[in-house]
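The report below is meant to be read alongside the sequence and the three-dimensional model. Please keep both in view while reading.

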Amino acid sequence: MEAWIQWMLRPGSRAPRATVWIRLMAGWVFFWEGVIKFVFVNQGVGRFTKLGMPMPGALAPAIAVLEIVGGLSLVAGFLTRPFALLFIGEMIVAILSTKVSLFLGTSPLALPPVPPQTGFWAVMHEWRSDIAQLACSLFLLLEGPGPWSLDASLPSSAEQAPLRAARLPESEERLASDRRAVMR
């Protein structure tokens, strides 16, 4: 479990510098979607109510706060992997709660204004933002925030702790040396 937590908090050395663009795109979309949930009731509590979400009066603001804080965190590259994991879960729930009923033609939400309004092609058209956010979040979870991030600029707990008597596995040694090279 400790190794998994360390991996979640470690920036990783594989992500290229251009990862900053993925973080910016995904982070800003999540941020503004969170803001919109507060500004327009029909996008927050009203939408969650129509979808039959439990406790929409509490859940919608909680998700909005997650999107605002998490979106800004992705932009900065801070706690990137934990927020990416939360956003993956959020996007899976969003897709399942809105696109299945759109496919079946039973959506409680307004249908798209022009055909296709239900079925396979409607879902393919309407899920483009959802699937893009899911893919970006999955990339950030797997690859990390990249070297141009707060995560990469902060010393890891492994670098702060005294050296352990046991040797790190070879792959961990390589990651540690790559991180030191990036920080120079």
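What follows describes the overall make-up of the model, then a helix pair, the salt bridges and three individual residues.

## Overall make-up

The model is predicted, not determined by experiment. The protein has ten helices and zero strands, so that, reading from the N terminus, the order of elements is α-α-α-α-α-α-α-α-α-α. Of the 184 residues in the protein, 36% are buried. When contacts between residues at least 6 apart in sequence are considered, 72% of them join residues that lie at least 24 apart.

## The packing of α2 and α7

Helix α2, which spans residues 19–39, packs with helix α7, residues 128–143, at an angle of about 130°, and the axes of the two helices are 10 Å apart. The two helices are therefore oblique to each other, and the crossing in which α2 passes α7 is left-handed. On the α2 side, the residues that take part in the contact are Thr19, Ile22, Arg23, Met25, Ala26, Val29 and Phe30, and in α7 they meet Gln133, Cys136, Ser137, Phe139 and Leu140.

## Salt bridges

Side chains of opposite charge can pair when their charged atoms come close. The structure holds three salt bridges, and these are set out in the table.

| Pair | N to O distance | Separation in sequence |
|---|---|---|
| Glu143 and Arg14 | 2.7 Å | 129 residues |
| Glu67 and Lys37 | 3.0 Å | 30 residues |
| Lys99 and Asp130 | 2.9 Å | 31 residues |

In the salt bridge between Glu143 and Arg14, the closest approach is 2.7 Å, N to O. Glu143 belongs to helix α7, whereas Arg14 sits in the loop between α1 (2–9) and α2, so the pair ties together parts that are 129 residues apart in sequence. The two partners are in unlike surroundings: Glu143 counts as buried because its relative accessibility is 18%, while Arg14, at 59%, counts as exposed.

Glu67 and Lys37 form a salt bridge in which the closest N and O atoms are 3.0 Å apart. This pair links distant parts of the chain, with Glu67 in helix α4 (residues 56–76) and Lys37 in helix α2. Glu67 is buried, with a relative accessible area of 3%, and Lys37 counts as buried as well, at 15% relative accessibility.

The side chains of Lys99 and Asp130 meet in a salt bridge at 2.9 Å, N to O. Here too distant parts of the chain are linked, since Lys99 lies in helix α5 and Asp130 in helix α7, 31 residues apart. Lys99 is buried, with a relative accessible area of 10%, and Asp130 counts as buried at 13% relative accessibility.

## A buried acid without a salt bridge

Asp151 has its place in helix α8, residues 150–153. Asp151 is buried yet has no salt bridge, and the nearest side chain of opposite charge, that of Arg23, is 7.1 Å away. A salt bridge requires a side-chain nitrogen within 4 Å of a carboxyl oxygen, so the distance of 7.1 Å to Arg23 does not meet that cut-off. Arg23 is also one of the α2 residues listed in the contact with α7. Not counting residues up to four places away in sequence, Asp151 touches Pro11, Gly77, Phe78, Leu79, Thr80 and Pro145.

## Two aromatic residues

Phe83 is located in helix α5, which comprises residues 80–104, and counts as buried because its relative accessibility is 13%. Once neighbours within four places in sequence are left aside, Phe83 is in contact with Leu66, Val69, Gly70, Ser73, Leu74 and Phe78. For one of these residues, Ser73, which is ten residues from Phe83 along the chain, the C-alpha atoms of the two residues are separated by 7.7 Å.

Trp127 is found in the loop between α6 (120–126) and α7, and it counts as partly exposed, with 24% relative accessibility. Leaving aside neighbours within four places in sequence, Trp127 is in contact with Ile95 and Lys99, and Lys99 is the residue that also forms a salt bridge with Asp130. Trp127 and Ala94, although 33 residues apart in sequence, are 9.6 Å apart in space, C-alpha to C-alpha.

Technical notes: Residues are numbered from 1 along each chain as its sequence is written. This is a predicted model: local features need pLDDT of at least 70, side-chain atom pairs count only at pLDDT 80 or more; totals for chains, interfaces and linings use all residues. Side-chain values use heavy atoms; hydrogens and water are left out. Helices (H or I, at least four residues) and strands (E, at least two) are DSSP runs, numbered from the N terminus. Buried means under 20% relative accessible area, exposed over 50%, partly exposed in between (1.4 Å probe, protein chains only). Lys and Arg count as positive and Asp and Glu as negative; His and the chain ends are not counted. Contact means heavy atoms within 4.5 Å. Axes are lines fitted to C-alpha atoms, for helices over the stretch in contact, and angles run from 0 to 180 degrees between N-to-C directions. Angles under 35 degrees count as roughly parallel, over 145 as roughly antiparallel, 65 to 115 as roughly perpendicular and the rest as oblique. A crossing is left-handed if the near helix is turned anticlockwise from the far one by less than a right angle, and right-handed if clockwise.
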